Amino acid sequence: MNYHVLTLFPEMILEGLHTSIIGRAIEKGLISLEAVNIRDFALESRKGRVDDYPYGGGAGMVMQAEPVYRACRHVTEKTEGTPRVIYLTPQGNVFTQSLAEELAGEKDLVFLCGHYEGIDERVLEEVVTDYVSIGDYVLTGGELPAMVMIDAISRLVPGVLNNQESAQFESFQDNLLEYPQYSRPEEWRGKCVPPVLLSGHHGNVDQWRREQSLKRTLERRPDLLETADLTEKDRKYLNKLLANMEET
Ligand code: ADE
């Protein structure tokens, strides 16, 4: 997987992603990361400036079309085929695990990070294939959303997570939230580890964990249950929980 990030703040992208698991994946050559400074493609007459006043008036500045277009062409001239170009914007489709899975299958991905009041609409029409938001709130730029997406996509690229890490990060397995985890000591400030986890009985531990996942999803993210992979036994357990909730 090759990521190309078009940004006014390349150091933010490079510093943020060269650490931890993603940094290790870059070192191993499993993914590559290029941060392209849009400022390097400013019009000759504008001496490194890439923003201008909005036609029609109003507050703030708009990123000009040409530098963004040139930065994008600089990347797409080198890639095989035409890569997807993702514009990070609160006006986009909300990023989900299933979009992360879809994008993890691509060879190259281009992320376009906006700043100021946005980017001239004409270049967006010309180059963008996907408008993506990371949630219903407004950030100061697209860099953090691009980093969030790169993190979520990269951990799905084969070899990026080692076995222990893959087993650990299963929060969205079957579209259910993960069960709670405990480590030593057995008792901490008067709170004990659930006894079933100390029993050594794998069948009982698995059943307890499944029930905890169901309970947690029902309590915290009931919307996920609509698309969760549930067995008949899961449904019975959920109905029991719901009946208890109605009683109290
Ligand atoms: N740019 C500013 N806010 C954003 C958001 N919530 N998602 C994606 N890009 C953004």
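1. A residue counts as buried when its relative accessible area is under 20%, as exposed when that area is over 50%, and as partly exposed in between. Arg210, with a relative accessible area of 25%, is therefore partly exposed. This is a predicted model, and the points below should be read with that in mind.

2. Arg210 takes part in a salt bridge with Asp174, the N to O distance being 3.0 Å. Asp174 is in the loop between helix H7 (163–168) and strand E8 (187–188), whereas Arg210 is in helix H8 (residues 202–220), so the bridge ties together parts that are 36 residues apart in sequence. Asp174 is also partly exposed, at 31% relative accessibility. As general background, side chains of opposite charge can pair when their charged atoms come close.

3. How many salt bridges does the structure hold? There are 14. One of them joins Glu44 and Arg70, whose closest N and O atoms are 3.5 Å apart. Glu44 sits in the loop between strand E2 (32–37) and strand E3 (51–52), and Arg70 in helix H3 (residues 65–76), so this pair ties together parts that are 26 residues apart in sequence. Glu44 is exposed, at 64% relative accessibility, while Arg70 is partly exposed, at 26%.

4. Another salt bridge is formed by the side chains of Asp130 and Arg84, at 2.9 Å from N to O. Here the partners lie in two strands: Asp130 in E7 and Arg84 in E5 (residues 84–94), so the pair ties together parts that are 46 residues apart in sequence. Are these two residues buried or exposed? Both are buried. Asp130 and Arg84 also belong to a network of salt bridges that includes Glu102 and Glu106.

5. Next, the cysteines. A disulfide is a covalent bond between the sulfur atoms of two cysteines. The structure holds 0 disulfides. For Cys72, the nearest cysteine sulfur is that of Cys113, 12 Å away. Why is there no bond between Cys113 and Cys72? Their sulfurs are 12 Å apart, which is too far for a bond; the cut-off for a disulfide is 2.5 Å. Both cysteines are covered in the model: Cys72 is buried, with a relative accessible area of 4%, and Cys113 is buried, with a value of 1%.

6. His115 is located in the loop between strand E6 (108–112) and helix H5 (121–127). It is a loop residue, yet His115 counts as buried, with 14% relative accessibility. Which backbone atom does the His115 side chain reach? The answer is the backbone oxygen of Thr140, at 3.3 Å. Apart from neighbours within four places in sequence, His115 contacts Leu8, Phe9, Met63, Thr140, Gly141 and Glu143.

7. Phe9, one of the contacts of His115, is also part of a nonpolar patch on the surface. The other members of the patch are Met12, Tyr137, Leu139 and Leu144, and together the five residues have about 430 Å² of accessible area. Tyr137 lies in the loop between strand E7 (130–133) and helix H6 (143–154). Its relative accessible area is 43%, so Tyr137 is partly exposed.

8. Some backbone angles deserve a check. Most residues other than glycine have a negative phi, and most peptide bonds are trans. Tyr116 has a positive phi of about 55° although it is not a glycine. Tyr116 lies in the loop between E6 and H5 and is partly exposed, at 39% relative accessibility. Lys47 likewise has a positive phi, near 50°. Lys47 is in the loop between E2 and E3, and counts as exposed, at 77% relative accessibility.

9. Where is there a cis peptide bond? One joins Arg184 and Pro185, with omega about 5°. Pro185 is in the loop between H7 and E8, and Asp174 of the salt bridge in point 2 is in that loop as well.

Terms used: Residues are numbered from 1 along each chain as its sequence is written. This is a predicted model: local features need pLDDT of at least 70, side-chain atom pairs count only at pLDDT 80 or more; totals for chains, interfaces and linings use all residues. Side-chain values use heavy atoms; hydrogens and water are left out. Buried means under 20% relative accessible area, exposed over 50%, partly exposed in between (1.4 Å probe, protein chains only). Helices (H or I, at least four residues) and strands (E, at least two) are DSSP runs, numbered from the N terminus. A polar contact is a pair of N or O atoms within 3.5 Å; within protein, one must be able to donate a hydrogen and the other to accept it, and residues adjacent in sequence count only if both atoms are side-chain atoms. Contact means heavy atoms within 4.5 Å. Patches are made of residues with over 30% relative accessible area and no salt bridge: like charges are joined within 9 Å, nonpolar side chains (Val, Leu, Ile, Met, Phe, Trp, Tyr) within 5 Å. Accessible areas come from the Shrake-Rupley method with a 1.4 Å probe; for residues, only the protein chains shown count as cover. A salt bridge is a side-chain nitrogen of Lys or Arg within 4 Å of a carboxyl oxygen of Asp or Glu.
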